[in-house]
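Good morning. I will take a few minutes to walk through one chain, and I will go from one end of a helix outwards. Please have the picture open.

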Amino acid sequence: MQWRNSRDRWGAAHKALHWTMAALILALLGVGFVMANLLPDSAWQLKLSVYQWHKAGGLLALALVAGRLVWRGIGGPVPGYPAGAPAWQRRTAALAHVALYAAMIAMPATGYLMASASSFPVLTWTALPDPLGQDERLEALFGRAHMVLGLVFAGLIALHGSAALKHHLVDRQDVLKRMLPGRRP
């Protein structure tokens with residue numbers, strides 16, 4: 001098993017972080033949608049419990065993206081783009097990856113700030129610092145930012161997945177294969 005990246009393949013550590021984060025982020029987006037739209041206010045105990053698990057998952061995602069950025073810096077080279085990829089595709093892919101990383105940081109940050117400004121403490125495995133204090137105006141502001149970022153993030157994920165499938169199915173390139181678990185060069 002190759003843990004570090006090579007010029008043409010992602011290493012096992014990067015793949016594990018990628019797919020773990022993908023599953024976690026998709027679950028968090030789904031749970032966020034359910035929390036905001038489907039859980040009735042009358043089920044307040046269930047809602048509070050789901051919110052706390054969502055907060056813990058968001059903080060875990062933030063820790064994983066920090067680890068992923070560190071690993072990206074020390075885990076070997078980043079595999080290059082497919083041979084013959086047009087310049088516009090390279091630029092678009094680079095911009096999309098920067099946007100994905102920004103969203104992976106901004107989503108938990110806005111969620112944490114929204115929770116900090118709410119009347120419910122940020123509880124995970126332990127109580128976290130509350131930098132803002134209760135402020136309904138800030139809670140609403142960060143809540144809107146968190147919701148809009150969630151929609152943008154979902155769109156970026158759809159774009160990322162669609163591009164991987166296009167490269168795999170239409171262009172017959174190994175962009176997707178080199179990120180799949182268990183694949184060897």
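Which residue caps the N-terminal end of H4? The residue is Asp-135, and one of its side-chain oxygens lies 3.0 Å from the backbone nitrogen of Arg-137. Keep in mind that this is a predicted model.

Now the helix itself. H4 runs from 136 to 170 and has 35 residues. From its first C-alpha to its last it reaches 49 Å, close to the 51 Å expected at 1.5 Å a residue. Just after H4, Arg-172 takes a positive phi of about 60°.

Several residues of H4 are buried, among them Leu-138, Phe-142, His-146, Gly-150 and Phe-153. Look at the spacing as you read those numbers. An α-helix has 3.6 residues a turn, so residues three or four places apart point the same way. Further along H4, Leu-156, Ala-164 and His-167 are buried as well. What do the buried residues of H4 pack against? They pack against H1, H2 and H3.

That brings in the rest of the chain. The secondary structure comes to four helices and zero strands, and from the N terminus on the order is α-α-α-α. The C-alpha trace spans about 55 × 30 × 25 Å along its principal axes. There are 185 residues in the chain, and buried ones make up 33% of them. Take the contacts between residues at least 6 apart in sequence: 68% of these join residues at least 24 apart.

Next, the core. The largest nonpolar core has 15 residues, and those touching the most other members are Met-21, Met-104 and Phe-153. H1, H2, H3 and H4 each supply at least two residues of this core. Take Phe-153, which we met in H4. Setting aside neighbours within four places in sequence, Phe-153 is in contact with Ile-25, Leu-100, Ala-103, Met-104 and Met-107.

Now one pair of helices. Two packed helices are described by the angle between their axes and the distance between the axes. For H2 and H3 the angle is about 145° and the axes are 9 Å apart. On the H2 side the contact includes Gly-58, Leu-62, Val-65 and Leu-69, and on the H3 side it includes Tyr-101, Met-104 and Ile-105. The crossing of H2 past H3 is left-handed.

Three single residues to finish. Is Ser-116, in helix H3, buried or exposed? Ser-116 has a relative accessible area of 0%, so it counts as buried. A polar atom of the Ser-116 side chain lies 3.0 Å from the backbone nitrogen of Leu-132.

Ala-36, in helix H1, goes the other way. Its relative accessible area is 58%, so Ala-36 is exposed. Ala-36 and Leu-169 are 133 residues apart along the chain, and their C-alpha atoms are separated by 36 Å.

Last, Asn-5, in the segment before helix H1. Why is Asn-5 called buried? Because its relative accessible area is 6%, and the cut-off for buried is under 20%. The Asn-5 side chain reaches the backbone nitrogen of Gly-11 at 2.8 Å. Leaving out residues up to four places away in sequence, Asn-5 touches several others, including Trp-10, His-14, Trp-71 and Pro-77.

That is the end of the tour. Thank you.

Key
Residues numbered from 1 in each chain as written. Predicted model: local features only at pLDDT ≥ 70, side-chain atom pairs only at ≥ 80, totals over all residues. Heavy atoms only, no water. Buried < 20%, exposed > 50% of the residue type's maximum accessible area, 1.4 Å probe, protein only. Polar contact = N/O pair within 3.5 Å; in protein donor to acceptor, adjacent residues only side chain to side chain. Contact = heavy atoms within 4.5 Å. Core = buried A, V, L, I, M, F, W, Y, C linked by side-chain atoms within 4.5 Å. Expected span 1.5 Å × (residues − 1). Axes fitted to C-alpha atoms, helices over the stretch in contact; angles between N-to-C directions. Left-handed = near helix turned anticlockwise from the far one by under 90°.
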